[in-house]
Amino acid sequence: MTLQMLAVFALIVAALVLYATDKLPLELTSFSVICALLVLFHFFPVYDEAGKPALSPMVLLAGFASPALLTVLALLVLGEGLSRTGVLDRVALLVHRAARGQLSAALAIALVVVALVSALLNNIPVVVIFVPIMQALAAQTGRPSSRYMMPLSYAAILGGMTTLIGSSTNLLVSNALADLGEAEFSFFSFTVPGLVVAGAGMIYVLFICPRILPENPSTSGQEGATGKQFKADISLEAGSPYVGLESVSGFFPGLKDLTLLAVYRDGRPIYPPFDELRLKIGDTLSVAATRDQLRAAVKDDVTALYPRLSSTVGEDEQPPRLGGGTQSMAEVMVKPDSWLIGRTLRQIGYRNMRDVVVIGLERRTRMQRRKIDEIPLEAGDILLVQGRRRDILDLRGNKDVILMEWSAETLIQSHHATRASAIFLGVVAMAASGIMPTEIAALCGAALMVLSGALSLQGAIKALDSKVVFLIAAALALGVAMQETGGAAFLAHGMLIALGDAEPSIVLGVFFLMVAVLANVLSTKATAVLFTPIGVGIAREIGVPVEAFAVAVVFAANCSFASPVGYQTNLLVMAPGGYRFVDFIKAGIPLMLICWLAFFLFAPWYYGL
């Protein structure tokens with residue numbers, strides 16, 4: 001063991017502790033590791049066979065331009081595009097319809113869909129979309145959502161094991177193989193063993209995991225019924241899903257998520273109870289609902305919420321002067337000294353003020369039954385507005401309202417769903433068929449997602465996670481340092497000495513278990529990069545196919561089930577599920593052992609060991 005090798009091992013241990021304890025921001029830890037490596041090999045260089053420094057700054061910083069890193073970032077942009085255009089929401093809606101109200105069936109369908117989608121898409125946006133779905137399924141029966149949040153994360157991780165682009169970890173291992181002079185993975189290189197391991201894990205996730213998870217009352221899913229209620233008007237035009245609905249016993253069952261205050265027909269209000277009333281084109285529904293319920297009610301066609309204003313009776317209404325491009329929604333509060341107080345939206349024409357349109361109103365007192373454009377505004381009223389983000393931010397200088405910047409959110413651009421789906425499917429087809437390398441297809445797809453208008457440039461930039469950038473760069477730097485200092489070969493040789501003359505299948509099984517345990521302490525990406533050269537070294541030393549050990553790294557690094565810090569999706573479900581660290585240990589260790597056993601029994605036969 002050389003001084004440089006010992007120093008690299010010390011840095012790995014230090015980074016591992018800092019990542020696990022979260023005492024420093026992940027980006028700062030990763031950047032500090034890179035700086036430490038740069039300083040170490042500047043004063044204590046390692047030379048290659050030609051007598052040149054093997055770990056120059058260019059080599060150690062190459063991770064920032066790694067094809068694997070750029071591919072991961074491109075996939076994040078593609079996933080954001082699918083999310084912003086509502087493609088994943090449509091998948092979620094199909095789950096609801098297929099379940100037909102049966103919780104057990106809905107849970108199984110949702111988890112299987114998550115696993116299938118995660119095989120082709122980054123796991124994080126998939127889990128983000130399905131968290132509220134699982135909460136809704138739990139709320140329908142009053143069961144705690146803590147029973148279903150962790151299985152959601154596990155299903156996404158298992159699905160990501162089956163294809164090259166299913167997880168960024170897989171891409172990192174493939175890229176590391178190329179750096180070591182070995183053949184890279186193809187799109188379906190490990191799909192067969194992946195289906196075996198993921199299938200065994202899914203049985204546990206579907207039938208056992210929900211039974212051993214805690215019932216946290218605070219996550220029962222009931223909180224979805226609370227939230228700020230806005231008064232809004234929904235205009236029924238041709239194609240509206242509410243045209244033709246008939247009242248039953250004075251109510252409209254098809255409007256279960258909305259509180260219907262009145263129906264305006266031919267300028268006259270009809271108040272509840274609604275006896276033998278059939279909704280038709282031209283009606284205006286005066287409703288009370290949360291922001292989420294309003295968006296769901298108009299199915300992303302927010303124009304149905306635009307108040308039908310006119311300056312005088314009989315005058316043709318001018319269309320709203322909204323800017324083109326991606327639309328956002330935000331809340332503004334009427335100031336106590338505002339000129340708007342006592343005036344209605346019809347009188348002030350606020351829909352054309354600064355290129356935004358008012359689509360809802362919230363007042364602390366009782367809900368008004370009048371149409372939104374007939375209600376005199378009061379100090380403290382909250383107006384729900386829509387417009388381009390920059391037009392909404394311009395309201396910061398308005399003397400009459402206060403912009404609540406935290407409330408701003410980008411609206412789903414459902415009219416771009418077809419092109420976003422086509423771009424994503426094109427990327428998958430190019431990568432799967434081998435027409436283009438995965439990194440080229442993914443980067444071109446990310447560019448097309450922005451150029452086509454399916455995703456704004458700001459949205460694409462926001463999708464780029466700085467944690468991913470620095471973590472992968474640091475992990476790649478540590479990996480190349482281990483390789484060049486001989487650390488990887490040292491560990492591989494030490495493991496072989498400890499195992500003696502064990503069969504290759506035993507060596508493979510022990511190696512898998514070692515990587516899986518460390519993946520729950522260190523991140524999956526860092527573990528994959530660090531242990532790929534070790535696995536290659538072991539395979540070379542015992543004379544077996546390198547692919548078996550490389551695939552073991554892929555699966556074992558993905559077995560980050562027993563810790564919330566192992567993978568981002570575990571962190572995503574921790575708060576919605578109300579979990580503690582020990583909950584992941586209790587539910588994750590059995591799953592990790594099941595995956596290990598499935599691989600240990602199948603892989604030696606499959607790879608001819």
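Arg363, Glu378 and Asp381 are joined in a network of salt bridges, a salt bridge being a side-chain nitrogen of Lys or Arg within 4 Å of a carboxyl oxygen of Asp or Glu. This is a predicted model, in which local features need pLDDT of at least 70 and side-chain atom pairs count only at pLDDT 80 or more, while totals for chains, interfaces and linings use all residues. Residues are numbered from 1 along each chain as its sequence is written, and side-chain values use heavy atoms, with hydrogens and water left out.

Within that network, the side chains of arginine 363 and glutamate 378 meet at 3.5 Å, N to O. Both residues lie in the loop between strand 6 (357-362) and strand 7 (382-388), so the pair ties together parts that are 15 residues apart in sequence; helices (H or I, at least four residues) and strands (E, at least two) are DSSP runs, numbered from the N terminus. Arginine 363 is buried, at 11% relative accessibility, whereas glutamate 378 is partly exposed, at 39%. Here buried means under 20% relative accessible area and exposed over 50%, with partly exposed in between (1.4 Å probe, protein chains only).

The structure holds seven salt bridges, and another of them pairs glutamate 246 with arginine 278, whose closest N and O atoms are 2.4 Å apart. This pair links distant parts of the chain, since glutamate 246 sits in the loop between strand 1 (230-235) and strand 2 and arginine 278 in the loop between strand 3 and strand 4, 32 residues apart. Glutamate 246 is partly exposed, with a relative accessible area of 45%, and arginine 278 is also partly exposed, at 48%.

A further salt bridge joins the side chains of aspartate 233 and lysine 231 (3.0 Å, N to O), and both of these residues are buried. The side chain of lysine 231 also makes a polar contact of 2.6 Å with the side chain of serine 286, where a polar contact is a pair of N or O atoms within 3.5 Å; within protein, one must be able to donate a hydrogen and the other to accept it, and residues adjacent in sequence count only if both atoms are side-chain atoms. Serine 286 belongs to strand 4 and is buried, at 0% relative accessibility.

The loops around these strands contain some backbone features to look at. Most residues other than glycine have a negative phi, and most peptide bonds are trans. Proline 272 and proline 273, however, are joined by a cis peptide bond, with omega about 0°, and proline 273 lies in the loop between strand 3 (268-270) and strand 4 (284-289). Glutamate 276, found in the loop between strand 3 and strand 4, has a positive phi near 50° and is exposed at 81% relative accessibility.

From the loops the reader can turn to helix 10 (residues 191-207), which has 17 residues and reaches 24 Å from its first C-alpha to its last, close to the 24 Å expected at 1.5 Å a residue, the expected span being 1.5 Å times one less than the number of residues. Its buried residues include Pro193, Val197 and Tyr204. Seen down the axis of helix 10, the buried residues fall within an arc of 165°, so they line one face of the helix; the arc is that of the directions from the helix axis to the C-beta atoms. The face turned away from this buried side carries the exposed residues Leu195, Ile203 and Phe207.
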